[in-house]
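User: I am new to this structure and would like to learn how to read it. Could you take me through its features one at a time, giving the general idea before the particular case?

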Amino acid sequence: MADMQAIMKAQAELAYINERLQQIHQNRPQQGFDKHEYEVLMQRKAQLLALLNRRE
């Protein structure tokens, strides 16, 4: 059960990260973007994908 909760939490976080990255891409021409935030999001996305791929 704990594994299922961890997977669901990771999937939810991944969905948030993907949404935020999409916002950054859409708004880049008007607003620019915070490079540090982008790098942190991409790094966390890679960690979550590795975690989820290991469990499957």
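User: Which residues make up the largest nonpolar core?

Analyst: As a general idea, in soluble globular proteins nonpolar side chains tend to be buried together. In this model, which is predicted, the largest nonpolar core has eight residues, namely Ala10, Leu14, Ile17, Leu21, Ile24, Leu41, Leu48 and Leu52. The elements that contribute two or more residues to this core are α1 and α2, and α1 gives the most, with five residues.

User: How many helices and strands does the protein chain have?

Analyst: The protein chain has two helices and zero strands. Helix α1 covers residues 2-31, and helix α2 covers residues 35-55.

User: How should I look at a single core residue, and where is Leu14 placed?

Analyst: A useful habit is to take the element, the accessibility and the contacts in turn. Leu14 has its place in helix α1, and because residues under 20% relative accessible area are called buried, Leu14, at 11%, counts as buried. When neighbours within four places in sequence are left aside, Leu14 is in contact with Lys45, Leu48, Leu49 and Leu52. Leu14 and Ala46 are 32 residues apart in sequence, while their C-alpha atoms are 9.4 Å apart in space.

User: Leu48 appears in that list, so what is Leu48 in contact with, leaving aside its neighbours within four places in sequence?

Analyst: With those neighbours left aside, Leu48 is in contact with Ala10, Glu13, Leu14 and Ile17. Of the contacts in the protein chain between residues at least 6 apart in sequence, 67% join residues that are at least 24 apart.

User: Now for the charged side chains: how many salt bridges are there?

Analyst: The idea is to look for a side-chain nitrogen of Lys or Arg within 4 Å of a carboxyl oxygen of Asp or Glu, and by this rule the count comes to three salt bridges. One of them joins Arg44 and Glu13, whose closest N and O atoms are 2.9 Å apart. Arg44 lies in helix α2 and Glu13 in helix α1, so this pair ties together parts that are 31 residues apart in sequence. Arg44 is partly exposed, with a relative accessible area of 31%, and Glu13 also counts as partly exposed, at 28%.

User: What of the salt bridge between Glu37 and Arg20?

Analyst: The side chains of Glu37 and Arg20 meet at 2.9 Å, N to O. This pair links distant parts of the chain, with Glu37 in helix α2 and Arg20 in helix α1, 17 residues apart. Glu37 is partly exposed, with a relative accessible area of 26%, and Arg20 counts as partly exposed at 22%.

User: And where do Lys35 and Glu39 lie?

Analyst: Lys35 and Glu39 are four residues apart in helix α2, which means that about one helical turn separates them. Their side chains meet in a salt bridge at 4.0 Å, N to O. Lys35 is exposed, with a relative accessible area of 55%, whereas Glu39, at 43%, counts as partly exposed.

User: Finally, how do I read the overall form, and what is the radius of gyration of the protein chain?

Analyst: One approach is to set the chain beside a reference value: a compact globule of 56 residues would have a radius of gyration near 10 Å, but the protein chain has 13 Å. Taken along the principal axes, its C-alpha atoms fill a box of roughly 45 × 15 × 15 Å. Of the 56 residues, 14% count as buried. The accessible surface comes to about 4,500 Å², of which 53% belongs to carbon and sulfur atoms.

Definitions and conventions. Residues are numbered from 1 along each chain as its sequence is written. This is a predicted model: local features need pLDDT of at least 70, side-chain atom pairs count only at pLDDT 80 or more; totals for chains, interfaces and linings use all residues. Side-chain values use heavy atoms; hydrogens and water are left out. Buried means under 20% relative accessible area, exposed over 50%, partly exposed in between (1.4 Å probe, protein chains only). A nonpolar core is a set of buried Ala, Val, Leu, Ile, Met, Phe, Trp, Tyr and Cys residues joined through side-chain atoms within 4.5 Å. Contact means heavy atoms within 4.5 Å. The radius of gyration is taken over C-alpha atoms; the globule rule is 2.2 Å times the number of residues to the power 0.38. Accessible areas come from the Shrake-Rupley method with a 1.4 Å probe; for residues, only the protein chains shown count as cover.
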